[in-house]
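Welcome! Please have the sequence and the 3D view ready, and we will walk through this structure together, one stop at a time.

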Amino acid sequence: ETMAQLEFALWDGFGKHEMALSPTAADIYDQHLKEAVMAEELGYESYYIIEHQNSHVGQITAPSVYLCAVAQQTSKLRIGVMIYQLPFYNPIRLAEEVATLDHLSHGRVEFGTGIGVAEHEFMRWNLPFFERQKMSSESLEIIVKAWTQDEVTYDGQYWQFDEALPVPKPYQQPYPPIWVGAHSPASLEYAAKNNYHVSQNIDVDTVIAEKFDYFRKVWTECNHPGPMPRTFLMRAVHVAETDEIARLEAEQPLLTSRALGREDIANTRIGFKGNSESPTNTELGRVFQGMTTSYDFWIDNGLALVGSPETVIKQLRKQSELCGYDIFCANHRFGTLPLEQSLKSMKLFGEEVIPAFR
């Protein structure tokens with residue numbers, strides 16, 4: 001039953017090392033735009049990027065602008081930022097940006113929201129890291145008002161508006177699907193109570209399964225009118241001609257992918273300050289540790305799906321039954337994997353793997 005509904009998405013990361021290899025960012029954007037067009041032709045239904053500021057992780061600092069270009073070159077592909085870091089925006093301006101993108105794409109936007117995780121990203125913009133949860137829920141409340149009301153008057157702790165007149169209203173009615181990048185029990189409860197969709201990318205499969213179950217349980221207790229919100233999981237994927245070739249190509253890039261470029265940030269005056277201490281973040285730390293030391297850790301925990309098309313189909317079946325996600329988002333570009341190998345993987349996934357689920 002779930003098989004028929006599985007949606008496939010492409011995750012497009014822009015690593016610092018990749019941007020550094022090119023004389024101009026334009027070349028990199030052009031290449032990625034080509035891949036978005038390719039993804040649409042290969043049968044991927046949606047396409048996601050991530051926003052980071054002051055970071056080695058993602059180099060897309062103006063995600064709405066970049067997605068406008070994607071929207072112009074594609075016609076069916078749904079597009080989204082997973083996630084916009086809400087504390088970094090004036091909420092009315094972000095509401096207007098996303099609504100504009102929704103019109104320019106004729107209603108293809110998925111709105112991914114989150115609070116951000118790395119403390120140094122906030123310090124560098126003089127934003128209060130430990131208030132990011134409160135800031136984000138205030139921001140999202142304002143965004144929904146901007147999409148549904150003709151005027152917004154709001155007296156918040158972080159933002160105040162006096163009869164703001166936001167335009168346009170979104171193309172999708174009442175507004176684009178809202179996603180929450182949720183790791184902690186508090187975020188999962190927040191998403192469930194507000195009837196938002198939930199996305200994840202880091203936890204091991206068994207923890208993902210628990211978190212998604214918990215989210216659905218809380219959602220059910222809230223007695224929302226249906227349908228149930230969707231769940232989204234991003235994973236590294238490498239498909240090659242055989243299992244042996246796939247492992248040979250993917251192993252080193254996977255092991256180095258987490259730390260790539262981090263040293264550059266660590267060597268700045270402010271340095272690299274990551275997550276705060278919490279049970280959720282302790283577990284994430286354990287996962288990051290495993291990712292840098294063991295290829296088997298990646299495979300055994302479903303953090304990467306690697307092999308021939310047949311093998312990856314098997315891994316996907318098993319994982320989707322365990323986790324019960326609605327959107328599987330494949331990241332074919334990780335670490336220092338050469339472009340021709342990531343393109344080959346994407347093509348094999350589109351031509352051989354996706355059809356097995358249709």
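Let us begin at Glu 283, which counts as partly exposed at 21% relative accessibility. Keep in mind throughout that this is a predicted model. The value for Glu 283 is to be read against the 20% limit under which a residue is called buried. Its partner is Arg 286, and the two side chains meet in a salt bridge with 3.0 Å from N to O. Arg 286 is partly exposed as well, with a relative accessibility of 41%. Both residues belong to helix H12, which covers residues 279-293, and they sit three residues apart, about one turn of the helix.

A second salt bridge inside a helix can be found in H10, residues 243-257. There, Arg 247 and Glu 251 are four residues apart, again about one turn of the helix. The closest N and O atoms of Arg 247 and Glu 251 are 2.9 Å apart. Arg 247 has a relative accessible area of 36%, so it is partly exposed. Glu 251, at 23%, is partly exposed too.

How many salt bridges are there by this rule? The count comes to 15. One of them joins the side chains of Glu 7 and Arg 230, with 3.6 Å from N to O. Look at where these two residues lie: Glu 7 is in strand S1 (residues 7-11), while Arg 230 is in the loop between helix H9 (205-221) and strand S9 (231-239), so this pair ties together parts that are 223 residues apart in sequence. Is Glu 7 buried or exposed? With a relative accessibility of 15%, Glu 7 counts as buried, because the limit for that word is under 20%. Arg 230, at 22%, counts as partly exposed.

Now return for a moment to the pair in H12, where Arg 286 and Glu 283 both lie. Elsewhere, salt bridges that share partners join Glu 7, Arg 78, Glu 110 and Arg 230 into one network. The bridge between Glu 7 and Arg 230 that we have just visited involves two members of this network.

Next, turn to the packing of helices. Two packed helices are described by the angle between their axes and the distance between the axes. Take helix H3 (residues 25-42) and helix H4 (residues 63-73): their axes come within 10 Å and cross at roughly 45°. H3 and H4 are therefore oblique to each other, and H3 passes H4 in a right-handed crossing. On the H3 side, the contact is made by Tyr 29, His 32, Leu 33, Ala 36 and Val 37, and on the H4 side by Tyr 66, Ala 69, Val 70 and Gln 73. Sorted by character, the residues of this contact are seven nonpolar, two polar and no charged.

H3 also packs with helix H15 (residues 339-353), at an angle of about 20° and with the axes 9 Å apart. H3 and H15 are therefore roughly parallel to each other, since angles under 35 degrees count that way. Here, too, the crossing is right-handed. H3 brings Gln 31, Glu 35, Met 38, Ala 39 and Leu 42 to the contact, and H15 brings Leu 339, Leu 343, Met 346, Lys 347, Gly 350 and Glu 351. Which kinds of residue make up the contact of H3 with H15? They divide into six nonpolar, two polar and three charged.

Our last stops concern the backbone. A cis peptide bond joins Met 82 and Ile 83, with omega about 20°. Ile 83 has its place in strand S3, residues 78-85. Another cis peptide bond links Val 167 and Pro 168, and here omega is about -5°. Pro 168 is found in the loop between strand S6 (160-164) and strand S7 (178-181).

Finally, visit two asparagines. Asn 54 has a phi near 55°, a positive value in a residue other than glycine. You will find Asn 54 in the loop between strand S2 (46-49) and H4, and at 26% relative accessibility it counts as partly exposed. Asn 126 also has a positive phi, near 55°. This residue lies in the loop between helix H6 (119-123) and helix H7 (132-148). Asn 126 is exposed, with a relative accessible area of 70%.

Methods: Residues numbered from 1 in each chain as written. Predicted model: local features only at pLDDT ≥ 70, side-chain atom pairs only at ≥ 80, totals over all residues. Heavy atoms only, no water. Salt bridge = Lys/Arg side-chain N within 4 Å of Asp/Glu carboxyl O. Buried < 20%, exposed > 50% of the residue type's maximum accessible area, 1.4 Å probe, protein only. Axes fitted to C-alpha atoms, helices over the stretch in contact; angles between N-to-C directions. Parallel < 35°, antiparallel > 145°, perpendicular 65-115°, else oblique. Left-handed = near helix turned anticlockwise from the far one by under 90°. Contact = heavy atoms within 4.5 Å. Nonpolar A, V, L, I, M, F, W, Y, C, P; charged D, E, K, R; others polar.
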